[in-house]
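Welcome, and thanks for taking a look at this one with me. Below are some numbered notes to read alongside the picture.

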Amino acid sequence: MSESFQSFIANLGHAISNGLPGIKAQFLMAPPGRGKSYPDLEKTGGYLTGAVCILLYEKEGSLHIPIIERTNYDGVHSGQLALPGGKLDINDKNIETCALRETHEEIGVLVSDERIIGQLTKLYIPPSNFMVHPLVAWHPQQPHFLRNEREINKIHEMPLKSLFDEKSYCLKTVTTRPGIQFESPGIKLNNEIIWGATAMMLSELKVLIETFTEPGKNL
């Protein structure tokens, strides 16, 4: 692991502990119509709890994040690009345990507790009624991925520096089940587009990194 990666991990950890950009940074990439605040979740009858993992590692001299492409299924997130993660299990001790367990189950990468950098701002996802907690962690070398074929169609490796490239950003036309279309902010990745909750969480990561480094430099 390079010295620059070690320094980046330390700086990111300090930035997280000093205060998160929060939903203001997330909503920079929000689909239209979401509003700028969460609904009163107590009045909606509660929600499900989940966790995802933003796993940082080095590949060919730059930092990357694994992004999963979900298989097609009868659900609101069918076929979407996402971060590895899922629902909090009854046997999970906490959010961290959930995120790391799901990462191992979905992409075959075992991440130990001591490689957790911190958590970003939790994000409520209305279509699936989930409150998702994004965990940030690191891996000492380029991982050997083992895809869960039942849940994941493909694993993409996203260069972290692409978050700071204006050419990565676009609008994605989304068609909902009733046939209603809208355009959502997105991030291009290997001829696919990251949008929705995943783009919102990566947006907060981007804004956080900008607090301690020149955008895109040495990533």
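**Notes for a first look**

1. A good place to begin is the pairing of E5 with E7, two strands that run antiparallel and are joined by 3 bridges. Within this pairing, isoleucine 116 sits opposite alanine 137 of E7. Please keep in mind that the model is predicted. E5, which covers residues 116–119, has the highest mean pLDDT among the elements of the protein chain, at 98.

2. E7 has further partners. Strand E1 (residues 48–59) pairs with E7 in the parallel sense, over 9 bridges. If you would like a position to look for, isoleucine 54 has valine 136 in E7 as its bridge partner. Strand E6 (residues 123–125) also pairs with E7, here in the antiparallel sense and over 3 bridges. Tyrosine 124 stands opposite methionine 131 of E7. As a general reminder, strands of a sheet pair through backbone hydrogen bonds, either parallel or antiparallel.

3. The turn from E6 to E7 is worth a visit too. The hairpin of these strands has 4 residues between them, and asparagine 129 there takes a positive phi near 55°.

4. How many residues of strand E7 (residues 130–138) are buried? The count is 9 of 9, so the strand is mostly covered by the criterion of under 20% relative accessible area. In a regular strand the side chains alternate between the two faces of the sheet. For E7, one side carries Phe130, Val132, Pro134, Val136 and Trp138, and the other carries Met131, His133, Leu135 and Ala137; all are buried, and both faces are covered.

5. Now for another sheet. Three strands form an open sheet in the order E9-E10-E11, with antiparallel pairing. E9 and strand E11 (192–195) are at the edges with a single partner strand each, so one side of each has no neighbour in the sheet. Neighbouring strands here are turned by 55° against each other on average, direction ignored. Strand E10 (residues 181–189) is joined to E11 by 4 bridges, and leucine 189 has glutamate 192 in E11 as its bridge partner. H4 packs on this sheet and touches E9, E10 and E11, its direction making about 75° with that of E11. A word on confidence: E9 (residues 169–175) has the lowest mean pLDDT among the elements of the chain, at 87.

6. H4 also meets a helix. Helix H1 (residues 3–17) and helix H4 (residues 197–209) pack at an angle of about 105°, their axes 10 Å apart. That angle makes H1 roughly perpendicular to H4. The residues that meet are Phe8, Leu12, Ala15 and Ile16 from H1 and Leu205, Leu208 and Ile209 from H4. By class, this contact has 7 nonpolar residues, with no polar and no charged ones.

7. One residue in H4 deserves a closer look: glutamate 204. Is glutamate 204 buried or exposed? Its relative accessibility is 0%, so this residue counts as buried. Leaving aside residues up to four places away in sequence, glutamate 204 touches Leu20, Pro21, Gly22, Ala25, Gln26, Leu120 and Thr121.

8. Finally, the whole chain. The protein chain has 4 helices and 11 strands, and 47% of its 219 residues count as buried. Among contacts with a separation of 6 or more, 66% are between residues 24 or more positions apart. The average pLDDT is 90, and 88% of the residues score at least 70.

Key
Residues numbered from 1 in each chain as written. Predicted model: local features only at pLDDT ≥ 70, side-chain atom pairs only at ≥ 80, totals over all residues. Heavy atoms only, no water. pLDDT = per-residue confidence, 0-100. Axes fitted to C-alpha atoms, helices over the stretch in contact; angles between N-to-C directions. Parallel < 35°, antiparallel > 145°, perpendicular 65-115°, else oblique. Contact = heavy atoms within 4.5 Å. Nonpolar A, V, L, I, M, F, W, Y, C, P; charged D, E, K, R; others polar. Pairing = 2+ DSSP bridges. Buried < 20%, exposed > 50% of the residue type's maximum accessible area, 1.4 Å probe, protein only.
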